[in-house]
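Student: I've got a new structure on my screen and I'd like to learn how to read it. Can you walk me through it?

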Amino acid sequence: MIDSNDFKYINDLYGHDAGDAALKTFAKVLEDNFGQLGKVCRNGGDEFAVFLKRTTMTEGRAIFKKLFRQKLTFSYQGKDYPYTISLGFEGASREELLNKADTALYAVKMTGKGTMAAYHPDMVKEGRAQLGFNLRDLAVNLPGAFFIYRADDGKILFANRELLCLPKAMPPQT
């Protein structure tokens, strides 16, 4: 299972036409990398499944690592935008593969994205009550200046780069 990270931000920040361009580019990358080795399918949204024929876990890991070494970008209106992916893999049958790979993908996404992991029995596919993004996602992708503070004492806990780069306020002129 392979997921394009932060796809929602692409749609929200650049529009659905940009999201379509990103998905088409991602699908082509997957087909170019895996089409001769097996089957590439879109599960929905920004999630794809790759079924490799007669491939061991060691061989699969090496094949997927090649994908991670590539610089992934999509073009929209003449500008290139980088993106990252998360990947989870495992399984013998298609049903087992989908279930375990999805669990591994979810574990990757909840620990920071942009990497891959093979399924391990210790991975638990909990109810997805946790948000699908982390503070770094917000800091990098949310437009505008903002900060997070503790209401009881006013202590600033986090300020994003745009806030830190605002020019210092000039004292009022009298």
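Tutor: Sure, let's start with a term we'll need throughout: a residue is called buried when its relative accessible area is under 20%, exposed when over 50%, and partly exposed in between. Keep in mind that this is a predicted model. Of the chain's 174 residues, 34% count as buried.

Student: What does the chain expose, and what share of that do carbon and sulfur atoms supply?
Tutor: The chain exposes about 11,500 Å², and carbon and sulfur atoms supply 54% of that. As for secondary structure, you'll find six helices and nine strands.

Student: How do I read a sheet? In which order do the strands of the open sheet come?
Tutor: List the strands by who sits beside whom. Here five strands make an open sheet in the order β2-β3-β1-β6-β7, with mixed pairing. β2 (38-44) and β7 (116-118) are the edge strands: each has a single partner, so one side of each lacks a neighbour in the sheet. From one strand to the next, the twist averages 15°.

Student: Mixed pairing, okay. Which pairs run antiparallel and which run parallel?
Tutor: Go across the sheet pair by pair. β2 and β3 are antiparallel, with six bridges; in one of these, Lys39 is partnered with Phe51 of β3. Next, β1 (residues 2-4) and β3 (residues 47-52) run antiparallel and are joined by two bridges. There, Asp3 has Glu47 as its bridge partner in β3, and Ile2 has Phe48. On the other side, β1 pairs with β6 over three bridges, again in the antiparallel sense. Finally, β6 and β7 run parallel, with three bridges between them, and Phe89 is partnered with Ala118 in β7.

Student: Ile2 caught my eye. What is the bridge partner of Ile2 in β6?
Tutor: Leu87. So you can follow a path over the sheet: Phe48 of β3 is a partner of Ile2, and Leu87 of β6 is another.

Student: What about the turn in the hairpin of β2 and β3?
Tutor: For a hairpin, check how many residues link the strands, then look at their backbone angles. This one has two residues between β2 and β3, and Gly45 takes a positive phi near 55°. You'll meet a positive phi again after helix α1, where Gly15 has a value near 105°.

Student: How should I think about the two faces of a sheet?
Tutor: In a regular strand, side chains alternate between the two faces of the sheet. Take β6 (85-89): Ile85, Leu87 and Phe89 point one way, Ser86 and Gly88 point the other way, and all are buried.

Student: How many residues of β6 are buried, and how many of β3?
Tutor: For β6, five of its five residues are buried, and the strand is mostly covered. For β3, five of its six residues are buried, so the rest of the structure largely encloses that strand.

Student: Which helix lies across β6?
Tutor: When a helix packs on a sheet, ask which strands it crosses and at what angle. Helix α3 (residues 57-69) lies across β1, β3, β6 and β7, and runs at about 175° to β6.

Student: Which residues of helix α1 are buried?
Tutor: In α1 (residues 7-14), they are Phe7, Tyr9, Ile10 and Asn11. Asn11 is a nice one to click on: its relative accessibility is 16%, which is why Asn11 counts as buried. Leaving out residues up to four places away in sequence, Asn11 touches His16 and Gly19.

Student: Is Asp17 buried or exposed?
Tutor: Asp17 is exposed, with a relative accessible area of 53%. You'll find Asp17 in helix α2 (residues 16-34). Its C-alpha atom is separated by 9.7 Å from that of Gln77, although the two residues are 60 apart along the chain.

Student: How much do distant parts of the sequence contribute to contacts?
Tutor: Among contacts in the chain with a separation of 6 or more, 48% come from residues 24 or more positions apart.

Student: Last one: which residues make the nonpolar surface patch?
Tutor: Phe147, Tyr149 and Ile156 make a patch of about 320 Å². Of these, Tyr149 lies in strand β8 (residues 147-149), and at 47% relative accessibility Tyr149 counts as partly exposed.

How values were computed: Residues numbered from 1 in each chain as written. Predicted model: local features only at pLDDT ≥ 70, side-chain atom pairs only at ≥ 80, totals over all residues. Heavy atoms only, no water. Pairing = 2+ DSSP bridges. Helix = DSSP H or I, 4+ residues; strand = E, 2+ residues; numbered from the N terminus. Axes fitted to C-alpha atoms, helices over the stretch in contact; angles between N-to-C directions. Contact = heavy atoms within 4.5 Å. Patch = residues over 30% accessible without salt bridge, like charges linked within 9 Å, V, L, I, M, F, W, Y side chains within 5 Å. Areas by Shrake-Rupley, 256 points an atom, 1.4 Å probe, with all protein chains shown as cover. Salt bridge = Lys/Arg side-chain N within 4 Å of Asp/Glu carboxyl O. Buried < 20%, exposed > 50% of the residue type's maximum accessible area, 1.4 Å probe, protein only.
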